[in-house]
Amino acid sequence: MLSVPATLEELARVFLLHGRQCYLVGGAIRDMLLGRRSTDYDIATDALPQQVQAMFKRVIPTGIKHGTVTVLFRGVRFEVTTFRIDREYLDGRRPDTVVFTPSIEEDLRRRDFTVNAIAFDLSTRRLLDPHDGRGDLHRRLIRAIGDPLERFREDGLRPVRACRFAAQFRFEVEPTTFAAIPECLDTVRKVSCERIREEVVRLLAAPQPSLGFRLMASCGLLALLLPELQAGAGVQQRAMHCFDVLEHSLRSCDAAAPENLPVRLAALLHDIGKPGASRQEEDGVLSFHGHEKLSAELAVGLLTRLRFSNQLIQQTRHLVLHHMFNYTGQWSDAAVRRFIARVGEEHIPDLLALRRADQVGTCGDSSPSAALAAFSKRLEDVLAAARALTLKDLAVDGRDVMGALRLPPGPHIGVLLAHLLESVLEDPQLNRKESLLAIAGRFYEERLR
Ligand code: ATP
Ligand code: MG
């Protein structure tokens, strides 16, 4: 028997008191049956949205057009949706009109996959499972309800969701369902970028996103939605690599931590410039010189197209752009400080995580190289020793320099300060007011006057 959180039981009693039905549906019930924790609860009811609004004190009309309101009850959010039938997916994007129905069976029939169409009646504590979702949970299958092609042509997001769910639960997509995907790519093309993005984000939170991306590659979804990534298929690399660019990208992505989206994205995209940057050198050796710049550019294009936030785009771009550092024990402390100044101290943990993932993705070796561990230690030491890594850390500012040298404001002050920072990165001992002003005076006389 399912054990349901007490708050959910209390919520159900309110529905019962008003003579309304109350089912737990969708992801929450599926996750419970899989023995996973679920955090968002979708409720289905025969009560109309306005009636739900009247039953609870705090209700947000989240998607009232589609019959959904959010009920805040005892500090928990519940998405409450009136039983509905979706009519006429004319453009393959979203139902044009929704029709409410008093029947939970009809409501379950419009859902995407059998495992997502199980309902738990909270008043009688009975499971309703007309499409044998439990059977498919047991068989570990993602299976469309009804005719897969018809269902996918109603809403082109469903094929992407199939691949996402398969990766999330390590299920397979049932063969007939999977075979329908190449037939409906024209419908997938029409889906809004925001909806695609949400599925990509959920896929990137799976333990092994590669499972979903490989499915997408084999049915044409990847070429359609993420062509920059698909372009790496079959692109061979240099000798130390075991995989082509696509497989390397997917394995690197898997190796990054699921909860760190920017690093997972950067790992996925860090080499997408390789196909375009690939050159055959005179000695016959392959080179990908400068690919990090092209990768960063392509990543920005891809993420902008999917309408990711500007902050996430810039963060990912920065990591991709700087992923090619080549540390050796020969680096001087000054070189380590210049690296920190260039990359930004706050990005260093992510950049190291990206490199670790990149290394795991190279040949499947899961222990980080000794060089990377040594670099990590070295960075810590240098950071602990030197606290002057940005203009803000300098013992003087623009006003000090202008005052001491009697200079008017202007771009030359920026040039002077940049030179002072370079001097301090070279030798942290110089970060004192007198030394810096002396250096500034000399530099001004020799180079700027
Ligand atoms: P997750 O745990 O990732 O949130 P979920 O199954 O709850 O998974 P949601 O996108 O939150 O997924 O959707 C909730 C439910 O709504 C699904 O379980 C499914 O029954 C139904 N649903 C969602 N999107 C679609 C769709 N595009 N077509 C048909 N039914 C859908
Ligand atoms: Mg959900």
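Three helices, α2 (27–33), α7 (158–169) and α10 (193–204), each bring at least two residues to the shell around ligand 1. Keep in mind that this is a predicted model. Ligand 1 takes up the space of the largest pocket, so let's start there and then hop over to helix α11.

**Who surrounds the ligand**
- Helix α7 gives the largest share of the shell around ligand 1, with four residues.
- There are 15 residues around ligand 1, and the ones that come nearest are Arg30, Asp155, Arg158, Arg161 and Arg164.
- What kinds of residues make up the shell around ligand 1? Eleven are charged, three are polar and one is nonpolar.

**Polar contacts and cover**
- The side chain of Arg30 has an N or O atom 2.8 Å from an oxygen atom of ligand 1.
- Asn116 uses its backbone instead: a polar atom there sits 3.0 Å from an oxygen atom of ligand 1.
- With Asp155, a nitrogen atom of ligand 1 lies 2.9 Å from an N or O atom of the side chain.
- On its own, ligand 1 would expose 580 Å², and the protein buries 81% of that.

**Over at helix α11**
- Helix α11 covers residues 209–219, and its buried residues are Pro209, Ser210, Gly212, Phe213, Met216 and Cys219.
- Why do spacings of three or four places matter in a helix? An α-helix has 3.6 residues a turn, so residues three or four places apart point the same way.
- Right after α11 comes Gly220, and its phi is positive, near 95°.

Methods. Residues numbered from 1 in each chain as written. Chains lettered and ligands numbered in written order. Predicted model: local features only at pLDDT ≥ 70, side-chain atom pairs only at ≥ 80, totals over all residues. Heavy atoms only, no water. Buried < 20%, exposed > 50% of the residue type's maximum accessible area, 1.4 Å probe, protein only. Near = heavy atom within 4 Å. Polar contact = N/O pair within 3.5 Å; in protein donor to acceptor, adjacent residues only side chain to side chain. Areas by Shrake-Rupley, 256 points an atom, 1.4 Å probe, with all protein chains shown as cover. 1 Å grid on protein atoms, 1.4 Å probe; cavity = no way out; pocket = protein on both sides within 12 Å on 5 of 7 lines; lining within 4 Å. Sits in = over half its atoms within 2 Å of the grid points. Nonpolar A, V, L, I, M, F, W, Y, C, P; charged D, E, K, R; others polar.
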